[in-house]
Amino acid sequence: MRQTLIAATAIALAFAMQPVVAQDKPAAKPAAKMAAKKMAKPAVVEEKDAATLEFEKFRAKMIEDGNPAELFEAQGEELWKTKRGPNNVSLAETCDLGLGLGVVKGTYVQMPRYFADAGKVMDAERRIVWCMVEKQGFKAADLAKKPFAAETYTPEQTSLVTYVAGLSRDMKFAVPLKDPHVKEVYEIGKEVANHRAGPYDFSCNTCHGVDGKRIRMQQLPNISSKAGATTAVLGWPGYRMTGNRMLTLQWRMGDCFRQQRFPQPGYASDTVTSLLTFMTANANGSTYTGPGIKR
Amino acid sequence: MNKRHQFSILAAIAATAAIAAAPAFADSSHRAKAMTMMKADFTTKGQATADRIYEDGLQAVCNRSGNHPPEKIAKQLEGDQMATVKYPADGKLMGDWKAGEKLAQSGRGFTWNDAPGSPAGGNCYNCHQIAPSESSFGTVGPSLFNFGKLRGNTAENQKYVYSKIYNAKSYNLCSEMPRFGHVGALGEKQIKDLVALLLDPESPVNK
C-alpha cells in the first residue's frame, strides 16, 4: 500500500498537474494547445479538452494500480474502532451516522441529514466532528485549528470521513430531502449559492450556475443540475495531486469561497453544510464512486 | 461600512422596495436565513475581511431579483454606476497592449492568500478568449478575439472599453464581470493597457 502511494506521488509529480482553477496562467499543455489552435473559436465548449481527457485516463489507470485514498480509509477504520479521547470510547460504539449505532455502510450517501440529538442537519465530516466532541470528549476548537491536510499532516477527521465514505462506494446518493429539516437547509443552501458579494460581485453561481462554461481550460460544473452536482461531489474525499494531500468537501467549499474573494467560512459550519446539502441532494440518484483522486 | 457600500444606497433601497413588491422573486425568508447564517459563519482571513459577506446596493438588487431587476430600476442604477467612472485627466485612453496582455494573463488579487496591497491581475483570460496565442481561455464571458478589428478603434469605442473595464455594471447592471476600476483592482494605467490590448491595430488581438 505504502509503495503504491509513493509510486502514485511520483507519477503525480511527473504529471505536473495545474491548479484546479487557474487563478494564474496554468502550465503549458502542448497537446491542448495544438488541438485548440486548430479551432478559430471556442465552438463546442461542452466537449472535454485534451487535458481533461488525459487526466481521466491517468486517473483510471492510477485507481486500477491502487487508489491512494485507500490508505486513509484504512487509517480511518482504525480510528473509528479504537477507544480514544478523554472519554475513552470508540466512535463505532457511540456515533450514530443516521442509520443506527454501529452502522457505517451506506451512511455517507445519505448525508447531509438531520440529527435529532444535535438538532442540526449535518454533512458527514461535521457529524464525525460532533461525535468526536460530544462522545469522545475532544475539544471542538482543537479540531478546528488545523482541519485540513498540509504537506505531511492529515487530520484524523479527514481519515475518518474517508473511511465512512468508502463504505458507500457504488451506492446512490439519497439525501433525505423529504425531511422538512433537510429541505429547509437545502433551500438556504440554494440562497448561499446565489449570494453575490465581495469586491468582485461573485457568487457560487457566477461560475457554477449554468452548463458548459470554463475558467481557463477548467470545466465548471453547474451545481444546480443533477449532472453538474454529481461531477462536483464525486471523487471527494479526494487525494489531490496538486500538493499530494487527502482533502474533503469541507476543504473544497472553503477553497471555492477563497477564489470567490470571500472571507473564510467556519469549519463544520451551517453555511458549509447548507451548500453541501444543496449540491449533494441535487446529485441524488447518481452513483457515488468512492473516495478518489482529484487534480 | 466603506465607500463601496455607501454607493447609491438610497436608490438601492428604493429599488429593493420595488422588487419586494413584485412577485416571482426568490423566497425572502430563506434568503434572510442564509444572510443571518453567513454573517455568523464567516471570519476575516488575510485581506478577506468578514464584512465582504455584506452586499452593497447593487449586489442587493441583483441578489433579490435573480440578476434580472425591472428594466426601469436597472437603467437608473446603471446610470449611477456610469457616474462612478473616472476617465484619465489627459484624455488618452489607449496604453501599451504588451503590458495589457501581461495583465490579462494574471488572475491574482483580493483572495485571502494574496498579500494585502499586492497588485491585482486583470483576470481577463479566466473568462474571455482574447489573443490567439493563448489557447487556455475561459468561456464565462464572450470571445474578444478580433474585437478592435470588428468594432473599430474609434474614440467612442475606446471610451466604451475603458468604462466597461472600469465598471462593467454601467452597461449591464447584473453583469458577471467585476467592476475593476470601481473597486480599485485596476488603476488608470492598467485599464489603458487593456484598452490597447483590445483596440490597438498592432495588438495580436486584431491581427
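I began with chain A, whose secondary structure comes to 13 helices and ten strands. Here helices (H or I, at least four residues) and strands (E, at least two) are DSSP runs, numbered from the N terminus. A note to self on ground rules: this is a predicted model, where local features need pLDDT of at least 70, side-chain atom pairs count only at pLDDT 80 or more, and totals for chains, interfaces and linings use all residues. Residues are numbered from 1 along each chain as its sequence is written, chains are lettered from A and ligands numbered from 1 in the order in which they are written, and side-chain values use heavy atoms, with hydrogens and water left out.

**Chain A overall**

I looked up burial next: of the 295 residues of chain A, 56% count as buried (under 20% relative accessible area, with exposed over 50% and partly exposed in between; 1.4 Å probe, protein chains only). The exposed area of chain A is about 12300 Å², and carbon and sulfur atoms supply 57% of it. Accessible areas come from the Shrake-Rupley method with a 1.4 Å probe, and for residues only the protein chains shown count as cover. I then took the contacts (heavy atoms within 4.5 Å) between residues at least 6 apart in sequence, and 70% of those in chain A join residues at least 24 apart.

**Cis prolines**

I found a cis peptide bond from Met111(A) to Pro112(A), with omega near 0°. Pro112(A) sits in the loop between helix H5 (91-94) and strand E1 (113-115) of chain A. The bond from Trp236(A) to Pro237(A) is cis too, with omega near -10°. I traced Pro237(A) to the loop between helix H11 (226-233) and strand E6 (238-240) of chain A.

**Positive phi in chain B**

Which phi does Phe110(B) have, although it is not a glycine? I read a positive value of about 75° for Phe110(B). Phe110(B) lies in the loop between helix H6 (97-105) and helix H7 (124-127) of chain B, and is buried at a relative accessible area of 16%. Asn123(B), also not a glycine, has a positive phi of about 60°. Asn123(B) belongs to the loop between H6 and H7 of chain B and is buried, at 10% relative accessibility.
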